[in-house]
Amino acid sequence: MFNLIKMNFYRLFHQKSFYVMIAVAAFIGWFMVFMIWMAPRLEEKAQSARNAREQASQTGEETGSNTGFHVGIMIGGSEEEDMPESEPRVVVFNVAEFLDEFFRSGFTMILISVGAALIANSERKRGFIKNLGGQMKPRGMLIVSKLPVILFELIALYAAIILSFTLFGKIYYERFTAGNIPVMCKVVLVQLLLGLAFGALVMLVCTAARNAAAGIFAGIMVASGLFPYVYFFINRLATAYLGAPAGFDISKCSLDYYLSCITSEAAGKDVATALIVGVAYLLLASAAGCLIMEKRDIG
């Protein structure tokens, strides 16, 4: 087992995709910081353009294309509404709040899906899965040995996004705070467990389908936000025809629900349930993956 883990780590460090994913995570961090930083400035420019048009209409001048600034999507109200005058706002950048938004966004599940699928399919992609499977008993160790690698990749991705938030937050904002660090660490630890369980689930899909694309597609579908509609349908079906209680909600048993709702704002809520769900999915997905690897022809 130890040699398998070493082999998987060696392969991970020699995969370009690993470093590309870290770069993508850092880019997502910059993009989120930049877009939030730009929002009030777009509002100010849009308000200036409206004021210029009003002044021109009052003096009877025609307003042409050079009225200052034009934005296709107005932020903070329609073009006809006057934004109330307000004193300059002092904005404080908070790393914990931005990390919460990152977890809510679904980017976590997409990154985990891509990383876990590439790790799960690495032997088959290189054509020596049959040699490895014939030299070890039980063959399920091929699945279990990938879990520490997925966990390490998750830690690297979260470290990249936090460092990106910290760096660009200090660049764009005059005032900076890390937020509640103990609570943020608690949230990250819970998210690591949930992310590892989600990675094991993606790896199960890849193992069953013998294809990395299937795992990536499944993860993207979960991150797309379509599954809540499926959960709503199941809830209505269970309540109407299966005798489930009125407050029945099957989404409380899903990984995507807790991956998006466990944040520093809700660190004291549902954490115990999230841990139970994460451990359950991790054990079940790993066991199912090991069983498939044992029973099927891997040639």
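A single salt bridge is a good place to begin, since the structure holds 1 salt bridge. The model discussed here is predicted, and every value given for it is computed from that model. The partners are E101 and R104, whose closest N and O atoms are 2.7 Å apart. Both residues belong to helix α3, which covers residues 95-105. Within this helix, E101 and R104 are separated by 3 residues, or about one turn. Neither end of the bridge is buried: E101 has a relative accessibility of 41% and therefore counts as partly exposed, while R104, with a relative accessible area of 31%, is partly exposed too.

From this charged pair, attention can turn to the nonpolar interior. In soluble globular proteins, nonpolar side chains tend to be buried together. In the present model, the largest nonpolar core has 67 residues. The residues with the most contacts inside this core are L99, F102, Y158, F165, L194 and F198. Helix α9, spanning residues 181-209, supplies the largest share of the core, with 15 residues. L99 gives a closer view of how such contacts are made. Once its neighbours within four places in sequence are set aside, L99 is in contact with I161, I162, F165, M184 and V188. One of these partners, F165, is itself listed among the residues with the most contacts inside the core.

Nonpolar side chains also appear on the outside of the model. A surface patch of this kind is formed by V230, F233, I234, L237, Y241, L242 and F248. Together, these residues have about 720 Å² of accessible area. I234, one of the members of the patch, is found in helix α11, which runs over residues 227-241. I234 counts as partly exposed because its relative accessibility is 31%, a value that lies between the limits of 20% for buried and 50% for exposed.

Aromatic residues provide the last part of the picture. The structure holds 21 aromatic pairs. One of them joins W30 and F31, whose ring centres are 6.4 Å apart and whose planes meet at 55 degrees, so this pair is tilted. Both residues are partly exposed: the relative accessible area is 24% for W30 and 41% for F31. W30 and F31 are also members of one aromatic cluster, in which they are joined by F27, F34, W37 and Y172.

Conventions: Residues are numbered from 1 along each chain as its sequence is written. This is a predicted model: local features need pLDDT of at least 70, side-chain atom pairs count only at pLDDT 80 or more; totals for chains, interfaces and linings use all residues. Side-chain values use heavy atoms; hydrogens and water are left out. A nonpolar core is a set of buried Ala, Val, Leu, Ile, Met, Phe, Trp, Tyr and Cys residues joined through side-chain atoms within 4.5 Å. Buried means under 20% relative accessible area, exposed over 50%, partly exposed in between (1.4 Å probe, protein chains only). Helices (H or I, at least four residues) and strands (E, at least two) are DSSP runs, numbered from the N terminus. Contact means heavy atoms within 4.5 Å. Patches are made of residues with over 30% relative accessible area and no salt bridge: like charges are joined within 9 Å, nonpolar side chains (Val, Leu, Ile, Met, Phe, Trp, Tyr) within 5 Å. Accessible areas come from the Shrake-Rupley method with a 1.4 Å probe; for residues, only the protein chains shown count as cover. A salt bridge is a side-chain nitrogen of Lys or Arg within 4 Å of a carboxyl oxygen of Asp or Glu. Rings of Phe, Tyr and Trp (its six-membered ring) pair if their centres lie within 6.5 Å; planes under 30 degrees apart count as stacked, over 60 as edge-to-face and the rest as tilted.
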